[in-house]
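Me: I'm new to this one and would like to go through it slowly. Could you start with the terms I'll need?

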Amino acid sequence: GMNSGYALSSPEQLKYISPASGQSAIPSVDYLGIVDDTLMGLEFNINNNQPIGRGVGIERREFSVEDGKEALKIIYDKYGKDMAEVIEKMYRVETSHFTSGQYRNTGTGGMEAFGEAPYYGWKKSFFTSNPEYTPTGTWSAFENKGMSGNGGNAQVTDRKKEFIVFPSVISAMEYKVDYIKNHDGNWARWHSTDTTIQNSYRTYMENVRARFTAEFESAK
């Protein structure tokens, strides 16, 4: 059980054990082993660094800056520098440089659910072609300020929005890549279908540095 990524620290709570270091963020305790029926049906894929699914009494591990960087490296290796730069800049703007509540909880800058589970209104064929990227549920929060006031959509502050939760950051990044490719490389369309707003978004993005991509390039 100790290699599964999760070990029992108290009867109520399962704590994350880092597969990389084997270390826990908590002091050493008398481990009682894994509670099989609590974990049953919750898939945990260590290779893809995927957080645990929603379950009773179990807190999902939040996505980190490092998760974003690791996912971006996959994008860089697979699609090259230009695509990685676009994805990184979009993420930096949408997620306050991989730190926003939306990002930490969903793996994205906030993709709103507007249909039924499991795809919540988003492109079904993308998920059926890549079942491991299927959303794991939704998370609700008031919308962040985001780009409103920078040519973005007017902010909705009076109601909670439901955002789809991705199983990994790479799955959400690959969704963006798929969208961009399907719109002839017009990444600004992700932000708005209005061409005037797209142009102001492109201008805004020129001032955003793709620091991780630059790091990957210099390591070549």
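Reply: A salt bridge here is a side-chain nitrogen of Lys or Arg within 4 Å of a carboxyl oxygen of Asp or Glu. This is a predicted model, in which local features need pLDDT of at least 70 and side-chain atom pairs count only at pLDDT 80 or more, while totals for chains, interfaces and linings use all residues. Residues are numbered from 1 along each chain as its sequence is written, and side-chain values use heavy atoms, with hydrogens and water left out.

Me: How many salt bridges does a search of the whole structure find?
Reply: The search finds 11 salt bridges. One of them joins E88 to R92, whose closest N and O atoms are 2.8 Å apart.

Me: Where do E88 and R92 lie?
Reply: Both are in helix α3, four residues apart, about one turn of the helix. Helices (H or I, at least four residues) and strands (E, at least two) are DSSP runs, numbered from the N terminus.

Me: And are E88 and R92 buried or exposed?
Reply: E88 and R92 are both buried, where buried means under 20% relative accessible area, exposed over 50%, and partly exposed in between (1.4 Å probe, protein chains only).

Me: What else does K81 do in that helix, and how far apart are the closest N and O atoms?
Reply: K81 forms a salt bridge with E85, with the closest N and O atoms 3.7 Å apart. Because K81 and E85 are four residues apart in helix α3 (residues 81-94), about one helical turn separates them. K81 is partly exposed, at a relative accessible area of 34%, and E85 also counts as partly exposed, at 27%.

Me: Back to R92, which ring does its charged end sit over?
Reply: The charged end of R92 sits over the ring of F212, 4.6 Å from its centre. The test is that NZ of Lys or CZ of Arg is within 6 Å of the ring centre and within 35 degrees of the ring normal. K73 has its charged end over the ring of F216, 5.9 Å from the centre.

Me: Changing topic, how many aromatic pairs are there?
Reply: The structure holds 20 aromatic pairs. Rings of Phe, Tyr and Trp (its six-membered ring) pair if their centres lie within 6.5 Å, and planes under 30 degrees apart count as stacked, over 60 as edge-to-face and the rest as tilted.

Me: Why is the pair of Y119 and F127 stacked?
Reply: The ring centres of Y119 and F127 are 5.5 Å apart and their planes are at 5°, so the pair is stacked. Y119 is buried, with a relative accessible area of 19%, and F127 is buried at 1%. Both belong to one aromatic cluster, whose members include F114, W122 and W190.

Me: What happens along strand β3?
Reply: In β3 (residues 137-141) the side chains alternate, with G137, W139 and A141 buried on one face, while T138 and S140 point to the other and are not buried. Five bridges join β3 to the antiparallel strand β4 (residues 161-165), and two strands pair if DSSP finds at least two bridges between them.

Me: Last thing, where is confidence lowest and where is it highest?
Reply: Helix α1 (residues 36-39) is lowest, at a mean pLDDT of 35, and helix α8 (residues 211-218) is highest, at 98. pLDDT is the predictor's confidence in each residue, from 0 to 100, and the protein averages 77. Where pLDDT is low, the predicted coordinates should not be read in detail.
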